[in-house]
Amino acid sequence: MRDQLLQGIVDLDRESRLPLSEQIYRQVCIAVRDGVLPAGRRLPSSRKLASSLGVSRNTVNTAYELLKSETVVDIRTGAAPVIANRQPLDGMTNSLSAGETVIKTLSARGNSLCVNPREKLRPVDGGILEPGVPAFDLFPRETWARSLRRVSRLMSQDDVFYRHVAGLPGLRELLARYLAEERGVKAVPEQVLVTSSTQASLALLAQCFADPGETAFIEEPGYLGARGAFANADLNVLPLPVDNEGAIPPTGNQGPTPQLIYLTPSHQYPLGFAMPLARRLAFIELARTSGAFILEDDYDSEFLFSGRPVASLQGLAAGPEVIYLGTFAKTMLPGIRVAYMVVPANLSEQLSQAIRNMGMMASAPSQAALADFMAAGHYRSHLRKIRLAYQERGLALCNALRARLGNRMDVFLPAGGIQLVARFKNNEDDQHIARLLQQRGVGVSALSATYLQRPETGLIIGFSGADAPTIRRGVDEISAVLSQ
């Protein structure tokens, strides 16, 4: 019976989704279960069985390893496999007759997490005039590289292991001081928690401060990342209308009580308006009386082109009503993967543990390099440089659009930031127009996609990287698409 080739026992189906190695494994197990292959029976060598079945030797070796792991066969070096005297574990062969594997699918939450909330806004990232991204040509590569090299030699084991999951102490201290000076934020370093991105911060806060079915308010139009984070936490997302003073506080008993209120008060995204003091105080009062947290996303307040930004909501609040969010994705580069939030002191330790539990820690080398970069004064110098460049580029793009397309669009000169909004005067299909432009290498976004209920149409156009040739090409492409 030596070297039997298992004729009539193993019959491979080349059309099956089941891997050939698993087919061999299953069919041998069934033969053992049914007594067709008794204990002590020798099996062919992997080379001979592979030749007989017309498969690779690796396929047979994989099957034999599976059989060995389940104690179906004994395999010793230099000897042929032998059916073991020990019986397989009870229940092991119950499902072996099934001809196909079960096709795994995502859970309902998994499907929700895999939806791209920016699909209507911009299906494909990239292209000139893309909003939301900093100017790559203005990034101080050599200075940043020196910071990276310096800290790579000095970092300790504590820095790169798991001791500082909420951020390196040096960076947290610098951020607390910087935010106090520039934004009026009231915080000690322990309240500054460092994460990998604002999107990570929003996802964490949505799950930590609201249960499924509870309500979150967001601006309309507003940031799709916040909408996605709240929807993925199974929250009831409701819009706050926006006018030329930012989000409008609800009055009276308008709808359910919110758990979270997401605002961009310093520079409303995407319209660019700043919220005046009276309205800021009204939102703080709403949060105080309702028990909600305001999530203040101060994503690009560093780019105000004239005057000083109004003090942060967090600094205005008398209590812990406001959680302040910031990021280096706009002032430096998104790939650095460092953002931060300022949280109430009594919740800092719990939220630090949540950061670790959810795997949202920021890169330690990036944090160390940022601390070095800031301590040496390079960060403030970089901000001064790009603020001036962005102001010039934003004005140039605004003037070019008005001169060429003023009959089709209302274009507003931005007060700051890295993008502007051009509203269509007629009800144009901005999502179709944006897709056509993206196909031509112009990475603009559709304004209507940032609305929940009552959309306006237009384009969100970035200008951070818009030098003169880029502006000419972009305006030419927009004009060409609109003339079709």
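When I speak of a helix or a strand this morning, I mean a DSSP run, H or I over at least four residues for a helix and E over at least two for a strand, numbered from the N terminus. Please keep in mind throughout that what you have in front of you is a predicted model.

Let me begin with the backbone, and with the proline at position 270. P270 sits in the loop that runs between β7, residues 258–263, and α10, residues 277–290, and the peptide bond that joins Y269 to P270 is cis, with an omega of about 10 degrees. A cis bond also leads from E220 into P221, where omega is near 0 degrees, and P221 lies in the loop between β4, which covers 215–220, and α9, which covers 224–232. As background, most peptide bonds are trans, and most residues other than glycine have a negative phi.

That brings me to phi. L129, which is not a glycine, has a positive phi near 60 degrees, and its place is the loop between α4, residues 108–113, and α5, residues 141–154. Is L129 buried or exposed? The relative accessibility of L129 is 5%, and because buried means under 20%, L129 counts as buried. D234 likewise has a phi near 60 degrees, positive although the residue is not a glycine, and D234 belongs to the loop between α9 and β5, the strand at 236–243. With a relative accessibility of 37%, however, D234 counts as partly exposed.

The positive phi of D234 comes just after α9, so let me turn to that helix. How many of the residues of α9 are buried? The count is 8 of 9, so the helix is mostly covered. The buried ones are L224, G225, A226, R227, G228, A229, F230 and N232, a list that includes an arginine and an asparagine. And what covers them? The surroundings include the helices α4 and α8, the latter at 198–209, together with the strands β4, β5, β7 and β8, of which β8 spans 293–297.

One residue of α8 lets us look at this region from the other side. L202 is in α8, and it is buried, with a relative accessible area of 0%. If we leave aside the neighbours within four places in sequence, L202 is in contact with Y223, G225, A226, A229, Y262, L295 and L325. G225, A226 and A229 in that list are among the buried residues of α9. The partner L325 is 123 residues away from L202 along the chain, yet their C-alpha atoms are separated by 8.7 Å.

Now to helix packing, where two packed helices are described by the angle between their axes and the distance between the axes. I have two pairs to show. Helix α2, residues 46–53, packs against helix α3, residues 57–69, at an angle of about 120 degrees, with the axes 8 Å apart. These two helices are therefore oblique to each other, and their crossing is right-handed. The meeting residues are S46, R47, L49 and A50 on the α2 side and R57, V60, N61 and Y64 on the α3 side. By class, the residues of this contact comprise 4 nonpolar, 2 polar and 2 charged.

The second pair is α7, residues 169–183, with α14, which pack at about 40 degrees with axes 13 Å apart. Here, too, the crossing is right-handed. From α7 the contact takes Y178, E181 and E182, and from α14 it takes Y379, R380 and L383, which gives 3 nonpolar residues, 3 charged ones and no polar ones.

Further along α14, a helix that spans residues 378–405, we find E392. E392 is exposed, with a relative accessible area of 52%. The C-alpha of E392 is 9.5 Å from that of A466, which is 74 residues away in sequence.

Finally, a word on the cysteines, since someone may ask about covalent links. A disulfide is a covalent bond between the sulfur atoms of two cysteines. A search of the whole structure finds 0 disulfides. As for how accessible two of the cysteines are, C29 counts as buried because its relative accessibility is 2%, whereas C208 is partly exposed, with a relative accessible area of 36%.

Technical notes:
Residues numbered from 1 in each chain as written. Predicted model: local features only at pLDDT ≥ 70, side-chain atom pairs only at ≥ 80, totals over all residues. Heavy atoms only, no water. Axes fitted to C-alpha atoms, helices over the stretch in contact; angles between N-to-C directions. Parallel < 35°, antiparallel > 145°, perpendicular 65-115°, else oblique. Left-handed = near helix turned anticlockwise from the far one by under 90°. Contact = heavy atoms within 4.5 Å. Nonpolar A, V, L, I, M, F, W, Y, C, P; charged D, E, K, R; others polar. Disulfide = S-S within 2.5 Å. Buried < 20%, exposed > 50% of the residue type's maximum accessible area, 1.4 Å probe, protein only.
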